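Morning, everyone. I've got one structure to show you today, so let me put it up and we'll walk through it.

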Amino acid sequence: MPIETPLLEQHRSAGAAFGEFFGVLLPSRFTDFESEYLAASGAVGLVDTNFRALFSFSGPDAQRYLNALLTSNVRDLKPGAGTVGLLLTPQGHILAEIETFLSDGGILVSSHALVRERTFSTFDKFIIMDDVTLEDVTPSTGTLDLVGPQASAVILEAAGVDLAGLPVLAHVEATLGSIPCRIVRKTWLDCPAAMIIVARDQLATLWRDLESRVRAQGGAAVGMEALNSIRLESGTPWFGHDYDDKNIPHEAGLEQSHISYEKGCYTGQEIVERVRSRGHANRRLTELQFPVAQMPAPGTKLLLGENEIGMVTSAAFSPMLGRPIGRGYLRREHSALGTHMDAGGAPAEVILPPRLAKHSAT
């Protein structure tokens with residue numbers, strides 16, 4: 001059974017439809033796909049992102065300890081800064097995607113509820129001689145996100161925080177309306193976005209307040225269906241959908257965004273460096289389009305003639321192209337742009353992510 005968002009009953013009362021995303025039952029849509037897609041891409045969308053798991057680290061060895069486990073450079077973080085990386089197995093497979101936020105009071109780590117227990121136990125088992133205290137704060141904490149060009153305006157009005165003036169993954173303690181929270185600067189379609197971390201017992205109140213502010217900016221509450229479409233148009237992979245513990249970072253295209261090559265040793269580094277020195281992985285997460293209306297399900301085999309060359313990981317309808325698009329793993333020799341193949345009896349083709357292609361053309 002999927003985990004339930006703590007806002008489940010509130011969303012049900014609002015008439016939301018639900019789906020499973022990241023192993024969590026979340027709103028797939030509140031009204032209709034088209035209006036939510038437009039809100040998230042052209043105005044501002046309020047998103048229930050309680051698919052996250054949150055852990056706190058404290059103690060004098062916490063920063064050094066995390067730096068030795070993660071692919072990101074935690075060693076050089078300053079208070080108020082954040083970074084994104086991966087927790088790997090010794091064989092280089094991806095156990096979790098990890099965002100790390102350093103403050104004067106300690107370190108907050110964000111992962112996915114889908115792998116909450118595994119991530120906690122992995123963090124915990126290596127604390128032996130280190131002066132580190134680890135706590136799972138997921139039960140007492142929740143998150144909401146604001147995305148779209150007007151997200152900055154909502155945050156500035158409600159909390160007095162200028163998102164545009166913050167580096168990506170920088171974070172500040174603030175009061176949003178009357179509710180204490182931590183605001184993390186994210187990016188959505190090249191615009192500042194916000195991840196808001198708040199006490200779980202304040203989630204419902206904050207949702208109502210932000211929904212009113214979002215509507216005043218021409219936006220709306222947005223379900224995961226619209227977000228999924230936009231992130232596929234942008235070529236953004238999702239943990240638990242497009243990559244997991246069956247994959248290494250280079251296969252998922254994370255070798256530039258999630259790995260520091262200057263930080264020193266960490267778990268799984270030997271495999272990462274081996275693939276790096278070879279120059280490529282044998283298969284690669286690739287953008288696809290499907291010219292027919294029916295979308296292939298995750299796990300659908302990709303065939304060239306009678307030969308299996310890959311597998312679909314995710315798919316959604318793209319309003320930009322007027323047809324379904326998706327992502328899937330293909331063997332490196334079959335991943336060139338324009339390559340045609342079969343996806344469960346329907347045609348498929350390798351393409352550039354539509355939003356990246358549009359940007360390149362302009």
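Okay, charges to begin with: the protein chain carries 31 positive and 42 negative side chains, counting Lys and Arg as positive and Asp and Glu as negative, with His and the chain ends left out. The centres of those two sets sit 4 Å apart, placing each charge at NZ of Lys, CZ of Arg, CG of Asp or CD of Glu.

Quick caveat: this is a predicted model, where local features need pLDDT of at least 70 and side-chain atom pairs pLDDT 80 or more, while totals for chains, interfaces and linings use all residues. Residues are numbered from 1 along each chain as its sequence is written, and side-chain values use heavy atoms, without hydrogens or water.

Now the inside. Of the 362 residues, 54% are buried, meaning under 20% relative accessible area with a 1.4 Å probe, protein chains only. The largest nonpolar core (buried Ala, Val, Leu, Ile, Met, Phe, Trp, Tyr and Cys joined through side-chain atoms within 4.5 Å) has 34 residues, with F57, L66 and Y243 among those with the most contacts inside it. β5, α3, β6, β7 and β8 each supply at least two residues, and β7 gives the most, with five. Those labels are DSSP runs numbered from the N terminus: helices are H or I, at least four residues, and strands E, at least two.

What does Y243 touch, beyond neighbours within four places in sequence? Its contacts (heavy atoms within 4.5 Å) include L86, I94, W238 and Y329.

Key. Buried < 20%, exposed > 50% of the residue type's maximum accessible area, 1.4 Å probe, protein only.
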